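This note is intended for a colleague who is meeting the structure for the first time. The points below may be read alongside the sequence and the coordinates.

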Amino acid sequence: MLSFAVGFLIMQDCIMNTIPPFLQKGQKVALVSPAGCITTACLERGIRLIESWGLKYETGLHALKRYGTFAGTDEERAEDFQRALDNPEIKAIICTRGGYGSARIIDRLDFSRFCRNPKWIVGFSDITVFHSHLQQNLHIASIHSTMPQTYPAAGSEDALAATGSLHAALFGEGLIHPFRSQFINRPGIATAPLVGGNLSILYSLRGTPTDINPAGKILFIEDLDEYDYHIDRMLLNLARGGWFDHLAALIVGTFTLVKKGANPYMKNVWEIISRYTEGKTYPVCYGFPAGHIPHNHTLYMGIPACLEVSAQAGEPSQLSFMIP
């Protein structure tokens, strides 16, 4: 493994996005629902965790509203998010859940005040829309992490990995993730900004102003509840668009509840993904513990990371973020 000092020197050569200020006790964060509807219990989980960290909170006016599958209409969800973006007292925006809906409001939002006063945007899954928008258009770092909808039980090992690493990320305590992969890796070391998120969302953003360019970066992908052949179809789209040609590295997170179609596809998800990196030389690791799992490890998006990948499944590897 590279030492922290050596890794930091390598990262100095990477282009850094704007890093929002880290949180301090007594500051205020916003809880908003930009996508799917939530229950009162979900919101209360978020509030309890925020208060346990010594933070104040403000909830979106429509955070608990229901409009079909959404937490309010597009206008209402955008209104809540815009208010959080514009309020200088808010130091982080924590999305309560994913689901579907973020892409429906992204073009309604004005990020001009946010750019003058950056703050952390936190979440994963459907929240990949915001991560992608920030990386491609605004060059401001964000946080891919568990949300109140998926917070593990307090005090559990899963909570230490998920909400514990979120606390470390928000308060600037550093992130180092040792892990053991679940498939045969392509070993190596890469240092570059981390981008990506949920594969289905990345696929849905292709050809839009929020579509990212992963060339020269470490790409992270994960997904939930998809058919195996759907996963192949999405990866094929990315491959035909050149996504896998010039990566610094590929991190494959968890692919949870992968479904089989009426006819067997004959390959598991790791084998499907490996097809699209054949002939490439950059490091690839499989089964990184982030995605739709209880122990969802927090990631900085848009900040240089150092990935050290071992050769075989089960051998120790490491992903670390070092912020000057």
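1. D225 is a suitable place to begin: the residue lies in the loop between β8 and α9 (228–240). The structure is a predicted model, and in it D225 has a positive phi of about 60 degrees although the residue is not a glycine. Its relative accessibility is 39%, so D225 counts as partly exposed.

2. S125 is another non-glycine residue with a positive phi, here of about 65 degrees. Its position is the loop between β4 (120–123) and α6 (128–138). With a relative accessible area of 11%, S125 is buried, because the limit for that class is under 20%.

3. Which residue with a positive phi follows helix α2? That residue is G54, with a phi near 75 degrees. The helix itself comprises the 13 residues 40–52. At 1.5 Å a residue these should span 18 Å, and the end C-alpha atoms are indeed 18 Å apart, so the expected and modelled values agree.

4. The burial pattern of α2 deserves attention. C42, L43, G46, I47, L49 and I50 are buried in this helix. These residues cover an arc of only 165 degrees around the axis, which means that they lie on the same side of α2. On the other side of the helix, R48 and S52 are exposed. The elements covering the buried residues include β1, β2 (56–59), β3 (90–95) and α7 (157–170).

5. How many strands form the open sheet? There are 7, in the order β6-β13-β12-β7-β8-β9-β10, and their pairing is mixed. β6 (175–180) and β10 (284–286) stand at the edges; each has a single partner strand, so one side of each lacks a neighbour in the sheet. Neighbouring strands are turned against each other by 25 degrees on average, direction ignored.

6. The pairing at one edge can be followed in detail. Strand β9, residues 249–256, pairs with β10 in the parallel sense over 3 bridges. Within this region, V252 stands opposite Y286 of β10. As a matter of principle, strands of a sheet pair through backbone hydrogen bonds, in either a parallel or an antiparallel manner.

7. Is N17 buried or exposed? Its relative accessibility is 16%, so N17 counts as buried, although the residue is placed in a loop, between α1 (4–11) and β1 (28–32). Apart from neighbours within four places in sequence, N17 is in contact with Q135, H139, I140, A141 and G302. Two of these residues offer polar partners to its side chain: the side chain of Q135 makes a polar contact of 2.6 Å with that of N17, and the backbone oxygen of G302 lies 3.3 Å from a polar atom of the N17 side chain. By contrast, N17 and L61 are 44 residues apart in sequence and 31 Å apart in space, C-alpha to C-alpha.

8. T210 is likewise a loop residue, situated between α8 (199–204) and β8 (218–224). T210 is buried because its relative accessible area is 4%, where the class requires a value under 20%. Not counting residues up to four places away in sequence, T210 touches I106, V129, S132, H133, Q136, N137 and L205. One of these, H133, also joins T210 through a side-chain polar contact of 3.5 Å.

Conventions
Residues numbered from 1 in each chain as written. Predicted model: local features only at pLDDT ≥ 70, side-chain atom pairs only at ≥ 80, totals over all residues. Heavy atoms only, no water. Helix = DSSP H or I, 4+ residues; strand = E, 2+ residues; numbered from the N terminus. Buried < 20%, exposed > 50% of the residue type's maximum accessible area, 1.4 Å probe, protein only. Contact = heavy atoms within 4.5 Å. Polar contact = N/O pair within 3.5 Å; in protein donor to acceptor, adjacent residues only side chain to side chain. Pairing = 2+ DSSP bridges. Axes fitted to C-alpha atoms, helices over the stretch in contact; angles between N-to-C directions. Expected span 1.5 Å × (residues − 1). Arc of directions from axis to C-beta.
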